[in-house]
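Me: Please take a close look at a single part of this structure, the aromatic pairing. I would like one connected answer that also says how far the model can be trusted there and what lies around it.

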Amino acid sequence: MLTELESEVVPMWSTVALSLVAGILGVNAVPHFVKGMMGEEFPNVTGNAPVRNAVAGFLGLLLTAMIASWADLSSHPWAGAVGIGLGGLSMAIFHGLGGAYRLNTALGLPNPPRQLHSTVA
């Protein structure tokens, strides 16, 4: 039988884990959805076409909302916020470093041309 402290800690860790996954999925869904909406190709394991990215991004956002609702964020708001933040930051770094292009290459899939933006002083 779980003690009162143990019964509180177990749900908190499930909140952290689900929030981490929601942060990862949510931030990953954004570039796919935006590139798809803009009609641009972006690396995607289902194919680089804009429509495939739009669908993948939409489904990723939908899944993110479902997972976030299961995370019970109202019971552990700080733990959930930390989980979402760390998950989102890790995926932002992944995409910022060209991780989607590297993943396509590792899987032997074609990559669309990467658009690198330069800043003008």
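Reply: What follows starts with the model itself, turns to the aromatic pair, and ends with two other spots on the chain.

This is a predicted model. The chain averages a pLDDT of 90, and 88% of the residues score at least 70. Confidence is lowest in α1, at a mean of 88, and highest in α2, at 97.

A search of the whole structure turns up 1 aromatic pair. It is made by F42 and Y101, whose ring centres are 6.1 Å apart; the planes meet at 80°, over the 60 degrees required, so the pair counts as edge-to-face. F42 sits in the loop between α1 (4-38) and α2 (50-70), while Y101 belongs to helix α4 (residues 99-106), so the contact ties together parts that are 59 residues apart in sequence. Both F42 and Y101 are buried.

Helix α2, which follows the loop of F42, also holds V51. V51 has 62% relative accessibility and therefore counts as exposed. V51 is one of the residues of a nonpolar surface patch, together with V55, F58, L59, L62, L63, M66 and W70. The accessible area of this patch is about 790 Å² in total.

The loop between α2 and α3 (77-96) contains D72. Most residues other than glycine have a negative phi. D72 is not a glycine, yet its phi is positive, at about 55°. With 35% relative accessibility, D72 counts as partly exposed.

Key: Residues are numbered from 1 along each chain as its sequence is written. This is a predicted model: local features need pLDDT of at least 70, side-chain atom pairs count only at pLDDT 80 or more; totals for chains, interfaces and linings use all residues. Side-chain values use heavy atoms; hydrogens and water are left out. Rings of Phe, Tyr and Trp (its six-membered ring) pair if their centres lie within 6.5 Å; planes under 30 degrees apart count as stacked, over 60 as edge-to-face and the rest as tilted. Helices (H or I, at least four residues) and strands (E, at least two) are DSSP runs, numbered from the N terminus. Buried means under 20% relative accessible area, exposed over 50%, partly exposed in between (1.4 Å probe, protein chains only). pLDDT is the predictor's confidence in each residue, from 0 to 100. Patches are made of residues with over 30% relative accessible area and no salt bridge: like charges are joined within 9 Å, nonpolar side chains (Val, Leu, Ile, Met, Phe, Trp, Tyr) within 5 Å. Accessible areas come from the Shrake-Rupley method with a 1.4 Å probe; for residues, only the protein chains shown count as cover. A salt bridge is a side-chain nitrogen of Lys or Arg within 4 Å of a carboxyl oxygen of Asp or Glu.
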